[in-house]
Amino acid sequence: MKFTYFVISEANMDFQAGFLYHIYNQANADFRLFKEERDYELFLGKLGKWVRPKCDILAYCLMPNHYHLMVSANDLSVEKVKLGSIQMNALSNGMRILQSQYAQEFNEKYHSRGSLFRPRAKAKLLDDSGHHALNCFHYILQNPVKARLCRDPFEWKYSSAIETESNKENSIITPPLLKQHIDLDWANFREEIKRINDDERDIWTL
């Protein structure tokens, strides 16, 4: 299986409606993206405002120096947006605004300068024919456990694990669509997601 990688740039971002993608980026150099709880909340608020309306978010995890999203692109994702002489799709533009606005407010808050994020986020097309979407889903929610920030994915407040279990309304994620794409024993979701998936590979590493 070959994976398709591309970068989020103002010039091109090849999303296709109906496909799943793993989007991720990390802090530039040795910066931290999130220094306190309010920073995580600020990023999630902007994620809901700028990205959620342009796709279905299936999973997310914010880590101190990087983030992961698993999204399903839809018709709104691929609508064209013109920015001066540049055209890009709506989801690319949403990601651009998310990172730009967050970085601006972060730098103002902490009186810092320079680029907060690496210049370009990355996206990976997930193929449902194998278990790649399932592996990616496990990887995203287990990320803080592997980083030894917690012992249980449900202890980490800045991922979608608790939202997925509670199935609450007005969530950033879209649980019904997630369950269509990810083959899990959803009645025992907490036990399922705690398991370390033996099929995970280093290909998911940033």
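Here is a short walk through the aromatic rings, one helix and the nonpolar core of this predicted model.

**Stop 1: a ring pair.** Select Phe34 and Tyr102. Their rings make a tilted aromatic pair, with centres 5.6 Å apart and 50° between the planes. Phe34 belongs to the loop between strand E2 (20–26) and helix H1 (37–51), while Tyr102 is in helix H2 (residues 90–110), so the pair ties together parts 68 residues apart in sequence. Switch on a surface and you'll find Phe34 and Tyr102 both buried.

**Stop 2: the wider cluster.** Now add Tyr40, Phe43, Tyr67, Phe106, Tyr110, Phe117, Trp156 and Tyr158; with Phe34 and Tyr102 they form one aromatic cluster. Across the structure there are 17 aromatic pairs.

**Stop 3: charges over rings.** Stay with Tyr110 and show Lys35: its charged end sits over the Tyr110 ring, 4.5 Å from the centre. Then jump to Phe154, where Arg190 lies over the ring face at 4.0 Å from the centre.

**Stop 4: along H2.** Put a ruler on the end C-alpha atoms of H2 and you get 30 Å; that agrees with the 30 Å its 21 residues should span at 1.5 Å a residue. Step just past the helix to His111, which has a positive phi of about 55°.

**Stop 5: the core.** Which residues touch the most other members of the largest nonpolar core? Select Tyr67, Met70, Phe137 and Ile182, out of 57 residues in that core. Strand E3 (residues 55–63) supplies the largest share, eight residues. Finish by centring on Met70: leaving out residues up to four places away in sequence, its contacts include Leu20, Ile57, Leu126, Phe137 and Ile182.

Note on methods
Residues numbered from 1 in each chain as written. Predicted model: local features only at pLDDT ≥ 70, side-chain atom pairs only at ≥ 80, totals over all residues. Heavy atoms only, no water. Phe/Tyr/Trp six-rings, centres within 6.5 Å; stacked < 30°, edge-to-face > 60°. Helix = DSSP H or I, 4+ residues; strand = E, 2+ residues; numbered from the N terminus. Buried < 20%, exposed > 50% of the residue type's maximum accessible area, 1.4 Å probe, protein only. Lys NZ or Arg CZ within 6 Å of the ring centre and 35° of its normal. Expected span 1.5 Å × (residues − 1). Core = buried A, V, L, I, M, F, W, Y, C linked by side-chain atoms within 4.5 Å. Contact = heavy atoms within 4.5 Å.
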